[in-house]
Amino acid sequence: MSGAPDDFATETPVLAGKVARMSERTPRPEVGRPSTPATRSLVFRRLEDNSRSDVVADRIRQAIVLGFITLGERLPTEHELAATLGTASSTVREALSVLREDGVVDTRRGRAGGTFVTRIPLRTPTELDATLRAYSLAELRDLGDHFTSLMVTSARTAAARAFSHNRLRLENLAATFERARTHQELVTADAAFHVEIGSASHSRRLTDGLIELQAETMELLWHTGHLDRAGSCRNHAAIVRAIVDHDAETAGALAHEHSRAGIAALVRAKVDLAARADLSAPGAGTADTGSGQGASAAQDLTDRTEQVFREVLDRLAEATDRAARIFTGGRARRKSTRARLAELGGTYIDLLERVPVVAGCGVLVRPGLFPDYERGIEWWAHDWESEGYCRVAFNMLPGTTAYYN
């Protein structure tokens with residue numbers, strides 16, 4: 001595969017020509033428009049053999065919601081869509097009929113006719129709540145792992161491979177997201193930014209995976225109300241800077257943090273839904289909860305506990321990564337072990353602040369590992385009297401007073 005992103009489109013010549021010129025009827029809106037033929041060709045990639053009409057309809061809906069096709073644009077002809085998607089023309093015809101019934105598209109006759117997008121098929125808040133409720137916390141965890149893995153790899157690879165036009169598009173899309181105001185603009189602009197990172201990596205598989213995940217999660221993310229929009233703007237800008245500077249390590253670390261924040265928002269929203277369901281249940285708040293409500297309360301406790309442990313594990317993973325950088329960085333050898341451990345303490349205090357249920361955390365150092373350091377444990381904990389934090393060091397060498405204490 002060549003390095004240029006438009007090389008994606010060579011496998012789908014119909015889209016490279018037809019989809020790129022989809023509409024001369026209305027100007028294309030600026031917000032979040034991922035307008036390269038490369039990324040659009042991936043949305044219209046070939047389906048599996050014998051795909052049903054509802055699968056084709058979902059693929060077209062996905063392209064509209066993510067902004068690859070905009071309001072007022074003309075779709076490729078039935079024949080062109082069938083050739084691109086690798087399905088029968090009759091299947092495409094049935095899919096377009098379903099979309100017409102839903103008011104998503106409208107077909108017009110005549111020389112300037114065709115099938116045009118008339119509505120963006122966003123899901124209603126009730127539908128989004130139902131979708132989120134159907135996920136288990138384990139499924140959200142797996143989704144988060146998959147999303148984080150794709151984003152980190154894409155960002156790191158983009159930092160190494162992106163061309164100047166990729167970097168310019170990322171800067172423009174980050175600015176477009178910052179200007180977005182409506183729910184639809186946020187969804188489209190955010191999705192466009194993430195997909196462009198995949199495109200800048202020049203990996204078809206990474207971009208394909210990011211498109212699928214944006215379609216699955218982006219509406220849910222901005223529906224939760226738990227995302228920090230200003231924080232997302234800062235993260236986007238920082239990721240772009242790292243990619244422009246060809247700093248793969250920083251780009252990957254920022255992408256990891258950004259992805260985990262999104263999944264944490266979904267987890268919090270799911271817990272909120274479970275709590276609201278319990279409160280609205282008949283007899284909620286009374287002494288006689290019944291076995292059904294008791295089971296619901298038990299599930300809620302399980303969900304909350306799993307959320308806390310997941311948060312702790314995420315923060316510990318970050319602490320481990322930082323510890324590796326502190327102890328193996330270029331300037332690490334010029335610092336004492338005590339100074340390096342003290343520097344690491346900020347990471348553990350951050351964990352205590354973010355997860356209040358944790359009473360303390362720290363590092364266990366094997367005796368003799370560092371020639372200039374004899375103590376075995378560095379521990380940071382809540383200081384309940386001052387409402388601050390305290391640092392405690394214990395000597396773990398046998399024979400010392402602290403060891404027996």
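His-246 is partly exposed in this predicted model, with a relative accessible area of 46%. The residue sits in the loop between helix 11 and helix 12, and its phi is near 60 degrees, a positive value in a residue other than glycine. Most residues other than glycine have a negative phi. A second histidine makes a good partner for the discussion. His-202 also has a phi near 60 degrees, again positive and again in a residue other than glycine. His-202 belongs to the loop between helix 9 and helix 10. Here the surroundings are another matter: His-202 comes out at 7% relative accessibility, so it counts as buried, the cut-off being under 20%. For His-246, the 46% falls between the 20% and 50% limits, and therefore the label is partly exposed. A glycine can be added to the list of positive phi values, as Gly-86, just after helix 4, has a phi of about 70 degrees. Helix 4 itself covers residues 78–85, and its buried residues include Glu-80, Leu-81, Ala-82, Thr-84 and Leu-85.

Back at His-246, one of the residues in contact with it is Arg-167. Arg-167 is found in helix 8, which runs over residues 164–179. Despite its charged side chain, Arg-167 counts as buried, because its relative accessibility is 17% and the limit is 20%. Leaving aside neighbours within four places in sequence, the contacts of Arg-167 are Ala-162, Ile-243, Val-244 and His-246. Asp-245 is also worth a look from here: 78 residues separate Arg-167 and Asp-245 in sequence, while their C-alpha atoms are 9.9 Å apart in space.

Zooming out, the protein has 405 residues, and 45% of them count as buried. There are 15 helices and 5 strands. Among contacts with a separation of 6 or more, 68% come from residues 24 or more positions apart.

The largest nonpolar core takes in 73 residues, and the members that touch the most others are Ile-60, Leu-132, Leu-140 and Leu-266. Helix 7 gives the most to this core, with 10 residues. What does Leu-140 touch, once its neighbours within four places in sequence are left aside? The answer is Leu-132, Tyr-135, Ile-263, Leu-266, Val-267 and Lys-270. Leu-132 and Leu-266 thus turn up in the contacts of Leu-140 and also in the list of core members that touch the most others. Another core, of 17 residues, lies apart from the largest one, and its members include Ala-319, Leu-344, Cys-361 and Phe-370. Cys-361 is buried, with a relative accessible area of 8%. Cys-233 is buried too, at 15%. As for disulfides, a search of the whole structure finds 0.

Now for the pockets. The largest pocket holds about 840 Å³ of space. Its lining is made up of 37 residues, and Arg-260, Ala-261, Ala-264, Arg-268 and Arg-315 lie nearest the centre. Two or more lining residues come from each of helix 7 (137–161), helix 9 (183–200), helix 10 (204–224), helix 11 (229–244), helix 12 (248–280) and helix 13 (290–328). Helix 12 supplies the largest share, 10 residues. By side-chain class, the lining divides into 14 nonpolar, 9 polar and 14 charged residues.

The second largest pocket holds about 460 Å³. It is lined by 18 residues, with Ala-253, Glu-257, Glu-318, Asp-321 and Arg-325 closest to its centre. The elements that give two or more residues to this lining are helix 12, helix 13 and helix 14 (337–354). Helix 12 has the largest share here as well, with 7 residues. The split is 4 nonpolar, 4 polar and 10 charged residues.

Is Asp-321, one of the residues closest to the centre of this second pocket, buried or partly exposed? At 43% relative accessibility, Asp-321 counts as partly exposed, because that value lies between 20% and 50%. Asp-321 lies in helix 13. From Asp-321 to Ala-253, the C-alpha to C-alpha distance is 9.4 Å, although the two residues are 68 apart in sequence. Ala-253 is likewise among the residues closest to the centre of the second largest pocket.

Definitions and conventions:
Residues numbered from 1 in each chain as written. Predicted model: local features only at pLDDT ≥ 70, side-chain atom pairs only at ≥ 80, totals over all residues. Heavy atoms only, no water. 1 Å grid on protein atoms, 1.4 Å probe; cavity = no way out; pocket = protein on both sides within 12 Å on 5 of 7 lines; lining within 4 Å. Points joined across faces, edges and corners; volume = space filled by probe spheres on them. Helix = DSSP H or I, 4+ residues; strand = E, 2+ residues; numbered from the N terminus. Buried < 20%, exposed > 50% of the residue type's maximum accessible area, 1.4 Å probe, protein only. Core = buried A, V, L, I, M, F, W, Y, C linked by side-chain atoms within 4.5 Å. Contact = heavy atoms within 4.5 Å. Disulfide = S-S within 2.5 Å.
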